[in-house]
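Subject: Structure for your review

Dear colleague,

Please find below the structure that I am handing over to you. I would be grateful if you could keep it open while reading the notes that come after it.

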Amino acid sequence: MKVLSGIQPTGRLHWGNYFGAIRQYIALQGNEQSFYFIADLHALTSVRDPKALSAATWDAALDLLALGLDPHRATLFRQSDIPEVTELMWLLMTVTQHSLLEKCHSYKDKVAKGISPDAGLFTYPVLMAADILLYDSDIVPVGADQIQHLEVTRDIAQRFNTIYGGEFLHLPNARVLETGAKVPGTDGEKMSKSYGNTIEIFETGKTLRKKIMSIKTDSTPMDATKNPDSCSVFALFKLLTSPEQQAALADRYRAGGMGYGEAKQAVFEAATDYFAEARARRSKLAADPEQVEDILAAGAKTARAKGQAVLQRVREACGLGHQKY
Ligand code: ADP
Ligand code: TRP
C-alpha cells in the first residue's frame, strides 16, 4: 500500500493537527511507500513572508520527526524540493475543467470570507492532485475537509486517462481520519489556526497552562454533578490519557463537588506527560540541524526518483516524449 499525505506549514502545529492527522501518519508508516511532505508550495497561497515560511517549514519538519515520524520507515520531504510536481500540475491543468475547481468548498469559503482569489488559490486542488498522483499513491490520510480535494484528484486522473486512452494515472482513495475527527479548541469549536483557539503541541509551562485554563466551560456550579460527555475539557483529557484515568475523572464529574479548574489542571498535567518524550526529541533535533537537513535531503531523493518515473510515463502519454537533456 502506498500512503501519502501533506501538511501545510502555515503556523505551529496544534493538538487538532496531532490527534486528527499526524498520529495517523505515524501509525501508517512502514508501508510499502509512506510519503509525508511539508506543503510549502501550497502555503504560498497564504504566507507571503519568506522568513515566516521557511521557519514554519523547518518547524514542521522538527515537529513531525519529534512526534515519531521515523525516517527509516517513512519518507519525509519538502514539497518544493520536487520540481516534477509543478510540471505534473501543468499537465493536469490542461485536462482540468474550470467548472470542477469552481465547485470546491475550500475555495468558495475563502472567497466568501472576502479574500480576493489569485490563480494559485483557484488551482490549489490541481497542485494537490499532482502531489498525490506523482507517486502513484493508493491511500491519502486526510481530515474530512479534504475529501472533496480527493474527489477532484480522482476526477482529474480519470479524465486524463480517458483523454489519453490508458491507465497512466493511478486513482487514489482518501482515508478519513476518524479518531479525533474534531478536536475542540479553547472555545469549544473545532480547533483551528483560523479560529485562534489552538493549543500548540510544543507549548509548555505557563503559556500551556494559561491556554488550558481558558477553555470555555458551562456555568454549572461547583457542587453540582457535571456531564463529562458534553465538556471540551473532558474531550481533550480523553485524547491524552488511559481508559482508567478517563473513568476516574468521569466519576469525579458525575459525583459533583469538582470545579472545572481541577479538570483543566488534570489536562495540563496529562499533556505535559503525553508530549514529554516528543519534547525531549525535539530539543535534540533542534540542536542538530544538519541531521534534519540530511533527513529532508534523503527524503527528497527517494520521492524524486519515484516522481521522475511517473512523470516520464505521463509526459510520454501526452506526446512530450522522453526528457533528453
Ligand atoms: P487548521 O484548521 O489549523 O488550519 P489544517 O487545515 O492545516 O489546520 O489541518 C491540517 C490537518 O490537521 C488536516 O488533516 C486536518 O484535518 C487536521 N486537523 C486540523 N484541525 C483539526 C481538528 N480540530 N480536529 C481534527 N483534525 C484536525
Ligand atoms: N490541502 C491539505 C491541507 O490543507 C494539504 C495538502 C497538500 C495535502 N497536498 C496534499 C494533503 C496532498 C494530502 C495530500 O490539509
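The notes below cover the two ligands in turn and then one helix.

Please bear in mind throughout that this is a predicted model.

Ligand 1

The shell around ligand 1 holds 15 residues, of which His14, Val183, Met191, Ser192 and Lys193 come nearest. By character, the shell consists of four nonpolar, seven polar and four charged residues. Three polar contacts may be of interest to you, and each involves an oxygen atom of the ligand. A polar atom in the side chain of His14 is 2.7 Å from an oxygen atom of ligand 1. For Lys193, the partner is a backbone N or O atom, which lies 2.7 Å from an oxygen atom of ligand 1. Gly143 also contributes through its backbone, with a polar atom 3.4 Å from an oxygen atom of the ligand. Taken alone, ligand 1 exposes 530 Å², and 86% of that is buried by the protein.

Ligand 2

Around ligand 2 there are 14 residues, and those that come nearest are Gln8, His42, Tyr124, Asp131 and Gln146. This shell divides into eight nonpolar residues, five polar and one charged. Three of the nearest residues can be described at the level of atoms. The side chain of Asp131 places an N or O atom 2.8 Å from a nitrogen atom of ligand 2. Gln146 has a polar side-chain atom 3.1 Å from a nitrogen atom of the ligand, whereas the polar side-chain atom of Gln8 lies 3.3 Å from an oxygen atom of ligand 2. Taken alone, ligand 2 exposes 360 Å², of which the protein buries 88%. Two or more residues of the shell come from each of β1 (2-7), α8 (124-133) and β4 (139-142). The largest share, four residues, is given by α8.

Helix α14

Helix α14 spans residues 276-286, and its buried residues are Ala278, Arg282 and Leu285. Viewed down the axis of α14, these buried residues fall within an arc of 65°, so they line one face of the helix. Glu277, Ser283 and Lys284 are exposed on the other side of α14. The cover over the buried residues of α14 includes α3 (50-66) and α15 (289-318).

With kind regards

Conventions. Residues numbered from 1 in each chain as written. Chains lettered and ligands numbered in written order. Predicted model: local features only at pLDDT ≥ 70, side-chain atom pairs only at ≥ 80, totals over all residues. Heavy atoms only, no water. Buried < 20%, exposed > 50% of the residue type's maximum accessible area, 1.4 Å probe, protein only. Arc of directions from axis to C-beta. Contact = heavy atoms within 4.5 Å. Near = heavy atom within 4 Å. Polar contact = N/O pair within 3.5 Å; in protein donor to acceptor, adjacent residues only side chain to side chain. Areas by Shrake-Rupley, 256 points an atom, 1.4 Å probe, with all protein chains shown as cover. Nonpolar A, V, L, I, M, F, W, Y, C, P; charged D, E, K, R; others polar.
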